[in-house]
Amino acid sequence: MVSRPAPASAALPPMTGEDVPPGFDAFGRAVLEDVRDAVFLQDADGALRWANPAARTLTGGVEPRLHPVAETSGHVEVSGNRRPARVRALPGGWHSWTVPAEDVPQRHVGDFLAEAGPRLAGARGRHGTARVIAELASAALADTVFVLLPTTRGRWEWWSCERPSAHGHGRIRRVPAQVAPVLAATFAATGKPQPAPVPAPEVATLPSIVADRFAGHADVTVVSLGPSAGSGVTGALLLGRRADPEFGAEQGRAVVEFAKAAGTALANAQRYARQEEATRGLETTLRPVDPPELDGARFETWYEPAAGVLAVGGDFYDVLAHDDGSAFLVLGDICGKGAEAAALTGRVRHALTALAMVERDGRTLLRLLNELLIAGGSSRFATLVLGTARPSDGGVGLTLASGGHPAPLIVRRAGVVEEVTVPGTLVGISPQARFAEAEVRLERGDVCLLYTDGITEARNRHDPTELFGDDRLRAVLAAAAGEPAREVVRRLRQAVRDWLGSSAHDDIAVLAIECAD
């Protein structure tokens, strides 16, 4: 008998055809799969060719070494630890190495739960979490596992896993309580999960895709996955074993603790799913839409909220076309960023949309908005520039009013950058706020830029104390003079991104108005 280092047991290929000991049939393999003793099969050349589940648990994926002592005895070495083994000669020069069950270290419940915790926490979505639950349970608690969760139209959605990790997923009809009382009681349970044996006649009442998979199992158990803590999750875990429990007398505790952890993971998955759905709805409502087309004028935008849960922030713009060929336009910045700023942004945008339907004067709109914000009791304020764009006689007339916002800049086709001086106080701070209005005209090729301070206050990627500033902004615009609004905004975006690098930034919003042919 020869011996050499064996390949990792976890990676042993299944034996098929002639690659088996003489006389080793499917029946013999099935028997060895279920015994608690660790059994290794070594071929005539000394190579380890197969290991049963108990042997794979013994090695834990580490490469074992087989050391013969006599014709009928030896040691299995794993990570420097040797365990005595019985060696039996088999036909064809093969040998079996058996480590008695009492020498196979029994897994500890705490270790199993510690391993399962991060995987449950890292699962994403209802489907992904249920699949992970089935995988973890089949690896330690049972040979066959079904996760059952109620769904619509009187059905259960199921996820299954069988050793060595054969997965399944689908939907089945729910079985009436009168023919499956144990399952019905489990789904109705509201307290701590309690494993309950499922009688064979009840297992047989389940749809065949489930019942057939539990055929030949010595024990089938069901345990609730909630809602023990008001989680809102009602589900069940079906566990089928062919052999003795892996955790021995601690099996019941292992099942209960795992069911509680799995139920919590499912509750979190459903809660996150609802939050994501709500977030998508908010983003759809709050995110600015593309400006409409206007004869004689083109609009270009850049909208980039600061990083956060919502893909919207406190900066915003809107362009609303009027029936007379003009358009109401606004660009603003709500103090702060994130969800709270986005919520106030929604209120401001909706209020301005409604007010602009009945009022065209920019100063009046700002005064009314100021009163609304103060009356609403918000501690946040806003800066805005708003007005009307009216194409006429080959140009575009702009009437602009400001509430404490950075001054609009006009990039003349000839290369000059002009500032539109529009004095005004912050919106939402004082009932005595005052606002002014200015009128300018764009000729063909001119571009008016409205922007938020996310541009000028962008911090240098190398020195966070250095801001992009007004001078760099004007230099970028002057270099783009004569270009269409799309190119002006593209150059500005590139310059600011190069300045920022990968560093964080505040909300950014830009609205460019171009007098076009």
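A nonpolar core, for this tour, is a set of buried Ala, Val, Leu, Ile, Met, Phe, Trp, Tyr and Cys residues joined through side-chain atoms within 4.5 Å. Keep in mind that you're looking at a predicted model.

**Stop 1: the largest core**

Select Ile 133, Leu 141, Val 147, Leu 237, Leu 239 and Phe 258 and show their side chains: these have the most contacts inside the largest nonpolar core, which counts 31 residues. Now colour the elements that feed it. At least two core residues come from each of α3, α4, β7 (144–151), β8 (155–162), β12 (236–241) and α8 (251–286). As a general backdrop, nonpolar side chains tend to be buried together in soluble globular proteins.

Next, centre on Ile 133. What does Ile 133 touch once its neighbours within four places in sequence are set aside? You should find Leu 120, Val 147, Leu 237, Phe 258, Ala 262 and Leu 266 in contact with Ile 133.

Before leaving, pick out Ala 327, Leu 331, Val 422 and Ala 438. They are among the members of a second, separate core, this one of 26 residues.

**Stop 2: the α3/α4 pair**

Hide everything but residues 109–122 (helix α3) and 125–140 (helix α4). Their axes sit 10 Å apart and the packing angle is about 165°. Angles over 145 degrees count as roughly antiparallel, so that is the label for α3 against α4. The crossing of these two helices is right-handed.

Switch on side chains to see who meets whom. From α3 come Phe 112, Ala 116, Arg 119 and Leu 120; facing them in α4 are Val 132, Ile 133, Glu 135, Leu 136 and Ala 140. By type, that contact of α3 with α4 splits into 7 nonpolar residues, 2 charged and no polar ones.

**Stop 3: Val 69**

Jump to strand β3 (residues 65–70) and select Val 69. Is Val 69 buried or exposed? Its relative accessibility is 57%, so Val 69 counts as exposed. Ignoring residues up to four places away in sequence, Val 69 touches Gly 74 and His 75. Try a distance to Ala 85, too: 16 residues along the chain, with 9.6 Å between the C-alpha atoms.

**Stop 4: Pro 195**

Finish in the loop between α5 (181–188) and β10 (196–197), where Pro 195 lies. Pro 195 has a relative accessible area of 32%, so it's partly exposed. Beyond four places in sequence, Pro 195 touches Thr 221, Val 222, Val 223, Gly 252, Val 255 and Val 256. For a last distance, go C-alpha to C-alpha from Pro 195 to Arg 253: 9.4 Å in space, 58 residues in sequence.

Notes
Residues are numbered from 1 along each chain as its sequence is written. This is a predicted model: local features need pLDDT of at least 70, side-chain atom pairs count only at pLDDT 80 or more; totals for chains, interfaces and linings use all residues. Side-chain values use heavy atoms; hydrogens and water are left out. Axes are lines fitted to C-alpha atoms, for helices over the stretch in contact, and angles run from 0 to 180 degrees between N-to-C directions. Helices (H or I, at least four residues) and strands (E, at least two) are DSSP runs, numbered from the N terminus. Angles under 35 degrees count as roughly parallel, over 145 as roughly antiparallel, 65 to 115 as roughly perpendicular and the rest as oblique. A crossing is left-handed if the near helix is turned anticlockwise from the far one by less than a right angle, and right-handed if clockwise. Contact means heavy atoms within 4.5 Å. Ala, Val, Leu, Ile, Met, Phe, Trp, Tyr, Cys and Pro count as nonpolar, Asp, Glu, Lys and Arg as charged, and the others, Gly among them, as polar. Buried means under 20% relative accessible area, exposed over 50%, partly exposed in between (1.4 Å probe, protein chains only).
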